[in-house]
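Biologist: I'd like to go through this one slowly and ask how each label is earned. Can you show me the structure before we start?

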Amino acid sequence: MDMIGLLGWIPLFPLLGFLILALAGERLSKSAIAWVGVGSVAVSALLAGLVGSEFLTGTLQPYHLALGTWIEIDELSIAFGFYLDALSVTMLFVVTGIGFLIHLYAAEFMASDPVLPPFAIPCRPRVPWELQRPLDRSETQRSSKNTELNANASAFDLGYARFFAYMNLFMAAMLVLVLSDNLLLLYLGWEGVGLGSYLLIGFWYENPHNGYAARKAFVMTRVGDTALLIGLLLLFRQLHSFDIQLLMLRATAHWPAGTLMPVAAAALLLGGALGKSAQLPLQTWLPDAMAGPTPVSALIHAATMVTAGVYLIARTHDVFLLAPPVQFAVATLGAMTLLMAGCSALVQTDIKRILAYSTISQIGYMFLALGVGAWSEAMFHLLTHAVFKALLFLAAGAVILCCHHEHSIFKMGGLRKSMPLAFWSFMIGSAALSALPFTSGFYSKHEILSAVYQVSPNLWAMGCLGALITGIYSFRPVFVVFFGVQSHLVTKSPGWRMNLPLLLLIVLTLFGGLLRLPLDSVFPLVFKVDRQPNLVSLITGAAPFFGVSIAGLFYLSGAFSAQRLAAYRLLNPLRNLFFSGWGIDALYDALFVQPFKALAKFNKHDVIDDLYTMTALIGQWLHLTVSASQTGRIRWYASSMALGAALILAIGRQS
Amino acid sequence: MTLTLFYLTSAVAVFATVMMITRLNAVHGLLYLILSLLSVGVLFFLLGAHFAAVLEVIIYAGAIMVLFVFVIMMLNQGQTTIDRERAWLQPAIWIGPSLLALLLFGEMAVVILFGGSAETGSVVTAKQLGMVLYGPYLLAVELASMLLLAGLVGAYHLGKPALKSGARS
Amino acid sequence: MNGIPMEQGLLLSAMLFVLGLIGVLVRRNLIMMLMSLEVVLNATGLAFVVAGSRWGDADGQIMFLLILTLAAAEVGVGLGLTLQVFRRFHTLDADSLNEMKG
């Protein structure tokens with residue numbers, strides 16, 4: 001059987017899951033919800049495995065699946081089709097594989113979720129009629145207790161179904177994004193994941209803070225999305241197609257390198273990528289996005305959605321090759337982001353915010369790689385990062401869950417013994433994050449840095465400094481949370497549905513570096529990775545060790561104290577600056593939010609509205625004037641008639 | 001002779017009408033009104049409209065005025081009403097409408113007098129009238145009968161005792 | 001020919017009309033208003049009869065006849081209304097019946 005033809009079914013199953021859960025989730029039992037929510041992604045992952053393995057064992061020729069025409073107006077015809085090459089296979093594996101593991105994990109993680117009864121969903125009154133009847137006391141108590149239980153159970157199921165419905169919707173959109181053969185369909189998926197992200201960040205909407213974080217993420221990414229849309233339409237206007245492969249061919253054929261058109265198009269595409277991947281000017285939403293449940297942070301805000309920007313740039317790399325200034329901007333922004341986010345990660349106390357800043361920082365590495373033209377290295381880092389960051393988030397989720405939703409790392413401690421699997425997961429994930437040898441992160445980051453060195457030693461230096469910082473911030477939570485004095489009594493331990501994904505991800509993290517995806521079939525081969533040891537690779541490899549050692553000196557052995565360091569007058573403001581994410585939130589607040597609010601306040605009573613109000617007032621005035629003549633007195637009317645007759649006679653006489 | 005009679009009758013008609021609109025007691029007003037109508041009837045006779053003159057006397061001054069008499073009797077207007085009417089008839093009240101009406105009269109006079117002069121007096125007999133009435137004006141006769149029927153029904157309905165005060169409120 | 005000038009007949013008609021109009025405008029008693037209205041209608045009829053006499057035509061008198069029927073119907077309905085008003089409001093003051101003012 002031709003497995004590759006099953007490609008079209010892959011996004012369909014999560015979509016079906018979403019529809020089932022959205023329409024009938026209220027009536028399903030909890031286990032049924034888990035079966036539908038996880039099962040749909042499992043089927044997708046299975047199909048993706050079959051399709052991918054057939055593709056990889058074949059000739060690696062891109063496979064194009066035309067499913068039909070989406071929009072057809074006159075000459076404009078937008079196909080609805082999927083495109084499979086080594087790049088989309090990579091993304092497909094990441095999305096479905098890690099997506100499945102996280103769904104499985106979430107099935108347990110969310111089962112004990114203390115979701116309040118949702119207000120937004122219209123709920124029928126659940127007070128039974130017995131309560132209104134005077135009963136003897138014990139019976140009343142029993143029945144009311146039953147009601148409470150029932151209400152709670154149904155509220156659980158509702159939140160549970162809602163969660164998996166959103167997750168499945170996100171999966172469907174993400175798969176459309178990575179498989180799409182044209183930019184418009186890609187944009188559909190792009191907006192779909194944005195929606196999923198918004199819904200899931202604000203999943204616990206009882207807390208207004210979460211809703212605010214969701215809105216912030218939505219609006220910030222929308223800034224980038226607008227740029228992407230403009231870029232997309234610019235490409236269509238100039239090259240008369242939405243089909244990505246055709247666009248790339250035409251761009252290379254028609255546009256000389258470095259001219260205005262490719263630069264403008266690449267810059268606009270970059271804008272979209274920056275928003276979605278939380279890079280420098282638009283990165284502030286990601287740390288706040290941690291308001292969502294931890295599996296969401298793992299899936300959307302670490303492994304898949306935030307790497308969509310990297311995928312987009314890799315997908316349209318031909319345009320970027322034609323625009324060297326933009327490509328240089330990609331590299332510079334990436335390098336700056338990885339340093340800034342790394343510094344912020346150093347001082348955070350919330351375990352998820354540390355991971356969020358590290359995500360921004362690691363995507364900065366990917367952008368750096370993209371900027372220097374190391375396409376396949378960037379994609380490789382995307383793959384390994386997705387694995388170990390998912391591992392870290394899931395381990396963090398297990399810790400958070402077992403410590404009763406405690407987020408601050410300084411309120412945890414000594415969990416090494418009581419949570420061995422979480423400890424080893426976090427340990428190995430941090431090792432991969434800081435690129436210690438023999439982990440997957442080592443291979444990918446090493447490749448990136450050696451490629452960067454061949455282009456620009458300055459950027460390489462920044463990357464190495466980043467690697468040092470990475471070593472510090474990734475082992476800081478390890479030492480703080482898992483070593484030292486045990487602070488929490490761990491009462492519950494995760495079940496198999498949480499442990500299995502952790503184990504599988506540990507294996508992938510350790511051996512993922514051996515995965516060699518044939519990305520060279522997609523990208524032009526630019527760099528020969530030099531595997532001979534030299535000074536550069538030595539420094540590259542040693543930087544993380546320094547970082548880990550510093551973290552150990554501060555947080556494990558206690559040779560230095562962060563408090564003492566912070567006590568210096570110069571360093572404390574610096575710490576605050578890092579903690580606030582370089583004050584960019586405050587900057588944007590002053591630059592955009594406050595002026596906008598002031599403008600809105602200034603124009604509170606809309607100026608344009610006054611015009612319409614005036615019309616209404618004139619009408620009202622006329623009405624009052626004329627109705628005053630309606631005295632209800634018959635003699636007045638008769639007088640009016642007489643006066644009218646006199647006037648008419650006068651007029652008739654005149655003319 | 002005719003002209004003298006015309007002026008005399010006109011004077012009576014105007015005088016009776018002026019008296020009628022200024023009477024405080026409705027019954028007195030009604031009697032002056034009948035006088036006015038009768039003098040107009042005489043004018044009709046002088047103008048050669050004998051049939052109209054007869055109708056004026058029989059129907060207007062006779063039948064319709066009897067209705068007024070009945071109603072005035074039913075309403076039983078007493079001395080208090082007369083006092084109130086006196087209070088209502090202050091110059092401040094009637095001067096404005098009177099000026100307006102005089103303006104209208106002035107305009108009509110101008111229109112009439114500028115229209116030139118002509119003699120009247122051609123006699124139209126009842127037979128001529130009947131031939132025209134039941135010839136070209138047959139439809140108008142039908143409409144008039146409908147109007148009278150509607151008036152009859154309306155008067156009956158409005159005058160019913162069942163529509164007492166409070167019946168609908 | 002008896003020699004009544006038409007314009008004088010019409011002037012008399014106009015004068016009676018205006019007097020009736022003054023009555024309608026000035027009096028507040030509903031019955032007096034109705035009576036004044038009769039004068040107005042009668043004056044109009046006089047104008048038609050004068051015109052009919054001028055042309056020796058039956059149309060003038062026919063118009064008078066129609067005005068007569070109109071007056072009869074009007075008086076019938078008007079007096080019925082007056083009775084109702086008096087029963088309900090115990091007054092014949094036209095100005096106090098102004099509930100329908102705007």
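Modeller: Before we count anything, here is the word we need: contact means heavy atoms within 4.5 Å. Also keep in mind that this is a predicted model.

Biologist: Okay, so how many residues of chain B are in contact with chain C?

Modeller: By that rule, 85 residues of chain B touch 73 residues of chain C. The area buried between chain B and chain C comes to about 7300 Å², with carbon and sulfur atoms giving 75% of it.

Biologist: Why give an area for an interface?

Modeller: The size of an interface is often given as the accessible area lost when the parts come together.

Biologist: What makes C:Arg27 and B:Glu85 a salt bridge?

Modeller: The cut-off is 4 Å between a side-chain nitrogen of Lys or Arg and a carboxyl oxygen of Asp or Glu. In C:Arg27 and B:Glu85 the closest N and O atoms are 2.8 Å apart, within 4 Å, so the pair passes. Across the interface of chain B and chain C, the rule finds 1 salt bridge. For polar contacts, that interface has 17 residue pairs, both residues at pLDDT 80 or more.

Biologist: Which element gives the largest share of the chain B side that touches chain C?

Modeller: That's H3(B), with 14 residues. Sorted by class, this side of chain B has 60 nonpolar, 18 polar and 7 charged residues.

Biologist: And what does chain B share with chain A?

Modeller: There, 9 residues from chain B meet 9 residues from chain A. The two chains bury about 690 Å² between them, 77% of it on carbon and sulfur atoms. On the chain B side, B:Leu100, B:Leu104 and B:Glu107 lose the most area, together 59% of what that side buries. The rule finds 0 salt bridges between chain B and chain A, and 0 residue pairs in polar contact at pLDDT 80 or more. By class, the chain B side here has 8 nonpolar residues, no polar ones and 1 charged.

Biologist: Let's do rings. Why is the pair of B:Phe15 and B:Tyr32 called edge-to-face?

Modeller: Two checks. Ring centres must lie within 6.5 Å, and planes over 60 degrees apart count as edge-to-face. For B:Phe15 and B:Tyr32 the centres are 6.3 Å apart and the planes are at 85°, so the label fits. B:Phe15 is in helix H1 of chain B and B:Tyr32 in helix H2 of chain B, so the pair ties together parts 17 residues apart in sequence.

Biologist: Are those two buried, exposed or partly exposed, and how do you know?

Modeller: Buried means under 20% relative accessible area and exposed means over 50%. B:Phe15 has 46% and B:Tyr32 has 23%, so each counts as partly exposed.

Biologist: What makes B:Phe44 and C:Phe64 a pair that joins two chains?

Modeller: B:Phe44 lies in helix H2 of chain B and C:Phe64 in helix H3 of chain C, so the pair joins two chains. The rings are 4.8 Å centre to centre with 80° between the planes, which makes the pair edge-to-face. At 0% relative accessibility B:Phe44 counts as buried, and C:Phe64, at 1%, is buried too.

Biologist: Last one: why is A:His317 called buried?

Modeller: Its relative accessible area is 5%, which is under 20%, so A:His317 is buried. Leaving aside neighbours within four places in sequence, A:His317 is in contact with A:Trp375, A:Val522, A:Phe523 and A:Pro524.

Conventions. Residues are numbered from 1 along each chain as its sequence is written. Chains are lettered from A and ligands numbered from 1 in the order in which they are written. This is a predicted model: local features need pLDDT of at least 70, side-chain atom pairs count only at pLDDT 80 or more; totals for chains, interfaces and linings use all residues. Side-chain values use heavy atoms; hydrogens and water are left out. Buried area is the accessible area (1.4 Å probe) that two parts lose on being put together, summed over both. A polar contact is a pair of N or O atoms within 3.5 Å; within protein, one must be able to donate a hydrogen and the other to accept it, and residues adjacent in sequence count only if both atoms are side-chain atoms. Helices (H or I, at least four residues) and strands (E, at least two) are DSSP runs, numbered from the N terminus. Ala, Val, Leu, Ile, Met, Phe, Trp, Tyr, Cys and Pro count as nonpolar, Asp, Glu, Lys and Arg as charged, and the others, Gly among them, as polar. Buried means under 20% relative accessible area, exposed over 50%, partly exposed in between (1.4 Å probe, protein chains only). Rings of Phe, Tyr and Trp (its six-membered ring) pair if their centres lie within 6.5 Å; planes under 30 degrees apart count as stacked, over 60 as edge-to-face and the rest as tilted.
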